[in-house]
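Me: Please take a close look at the C-terminal part of this chain and at the contacts that connect it with the rest. I should like one continuous account, with distances and accessibilities where they are available.

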Amino acid sequence: MTRAFTIIEMLVVIGILAVLMGLTVGAISSTNGDGVADVTSVKAGNQVSCQAFDLNFDGKVDSWVYFEPDGKVRRRESDYDRDGRIDEIAMFSGGIVMQK
C-alpha cells in the first residue's frame with residue numbers, strides 16, 4: 001500500500017537532499033494565506049532549481065517542477081489523482097514540452 005507524502009515530509013526530504021547537493025531551500029510560500037506551505041523552492045545559489053507545489057491545498061505535494069540553469073522548465077512531475085504516485089512526467093527542451 002502506498003500513501004501520499006505530506007508537505008512537511010516533502011520539506012524534510014527536500015531539505016536533506018538540498019544539503020547533500022550543496023543547495024539551499026529558498027522560499028516557502030503560502031499562496032492562499034493559510035500559513036501552510038503550498039510552494040517550496042530549492043535554489044542553487046540564486047537560481048531556483050526545483051519547486052514543489054500543493055495545488056489543491058490538502059498539505060500534500062501534487063507537482064514537482066525542475067529548472068535548467070537559464071530558468072526554463074526542464075521536467076515536470078504531476079500526481080493528478082492525489083495517491084502520492086507520479087501520474088505524468090513531462091520533459092521539456094528550451095521550455096517546450098518534448099515528451100510526456
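Reply: Q99 lies in strand β7, which covers residues 96-99, in what is a predicted model. Q99 counts as exposed because its relative accessible area is 53%, above the 50% cut-off for that class. Leaving aside residues up to four places away in sequence, Q99 touches I89, A90 and M91. Those contacts direct attention to strand β6, which spans residues 88-93. A further distance relates Q99 to R75: the two residues are 24 apart along the chain, and their C-alpha atoms are separated by 9.7 Å.

Strand β6 also contains E88, a residue with several partners. With residues up to four places away in sequence left out, E88 touches R76, E77, S78, Y80 and K100. Two of these partners can be described in more detail. The side chain of E88 makes a polar contact of 2.7 Å with the side chain of Y80. E88 also forms a salt bridge with K100, in which the closest N and O atoms are 4.0 Å apart. Because E88 belongs to strand β6 and K100 to the segment after β7, this pair ties together parts that are 12 residues apart in sequence. K100 itself is exposed, since its relative accessibility is 61%.

The contacts of E88 with R76, E77 and S78 lead on to strand β5, which comprises residues 73-78. Strands β5 and β6 run antiparallel and are joined by 4 bridges. Within this pairing, R76 stands opposite A90 in β6, and A90 is in turn one of the residues touched by Q99. On its other side in sequence, β5 is preceded by strand β4 (residues 63-67), with which β5 pairs in the antiparallel sense over 5 bridges. There F67 stands opposite V73 of β5. The two strands form a hairpin with 5 residues between them, and G71 in the turn has a positive phi of about 95°.

The loop between β5 and β6 deserves separate treatment. D81 lies in this loop and is partly exposed, as its relative accessibility is 46%. The C-alpha atoms of D81 and D62 are 8.8 Å apart, although 19 residues separate the two in sequence. D62 is also the partner of R82 in a salt bridge whose closest N and O atoms are 3.5 Å apart. Because R82 sits in the loop between β5 and β6 while D62 sits in the loop between β3 and β4, the pair ties together parts that are 20 residues apart in sequence. The two partners differ in accessibility: R82 is partly exposed at 35%, whereas D62 is buried at 2%. Another salt bridge joins R85 to D83, with the closest N and O atoms 3.3 Å apart. Here R85 is partly exposed at 47%, and D83 is likewise partly exposed at 21%, just above the 20% under which a residue counts as buried. A search of the whole structure finds 4 salt bridges, among them the pairs of R82 with D62, R85 with D83 and E88 with K100.

D62 leads further back along the chain, to L55. L55 is placed in the loop between β3 and β4 and touches D62 and S63, not counting residues up to four places away in sequence. Unlike D62, which is buried, L55 counts as exposed because its relative accessibility is 52%. Its C-alpha atom is 9.6 Å from that of T31, a residue 24 positions away along the chain.

Finally, the wider setting. The chain has 1 helix and 7 strands, and from the N terminus the helix precedes the strands in the order α-β-β-β-β-β-β-β. The largest nonpolar core consists of 6 residues, namely V42, C50, A52, V61, W64 and Y66. Strands β3 (47-53) and β4 each supply at least two residues of this core. Of the 100 residues in the chain, 32% are buried. The accessible surface amounts to about 6100 Å², with 59% belonging to carbon and sulfur atoms. Among contacts with a separation of 6 or more, 20% are between residues 24 or more positions apart.

How values were computed: Residues numbered from 1 in each chain as written. Predicted model: local features only at pLDDT ≥ 70, side-chain atom pairs only at ≥ 80, totals over all residues. Heavy atoms only, no water. Polar contact = N/O pair within 3.5 Å; in protein donor to acceptor, adjacent residues only side chain to side chain. Contact = heavy atoms within 4.5 Å. Pairing = 2+ DSSP bridges. Buried < 20%, exposed > 50% of the residue type's maximum accessible area, 1.4 Å probe, protein only. Areas by Shrake-Rupley, 256 points an atom, 1.4 Å probe, with all protein chains shown as cover. Core = buried A, V, L, I, M, F, W, Y, C linked by side-chain atoms within 4.5 Å. Salt bridge = Lys/Arg side-chain N within 4 Å of Asp/Glu carboxyl O.
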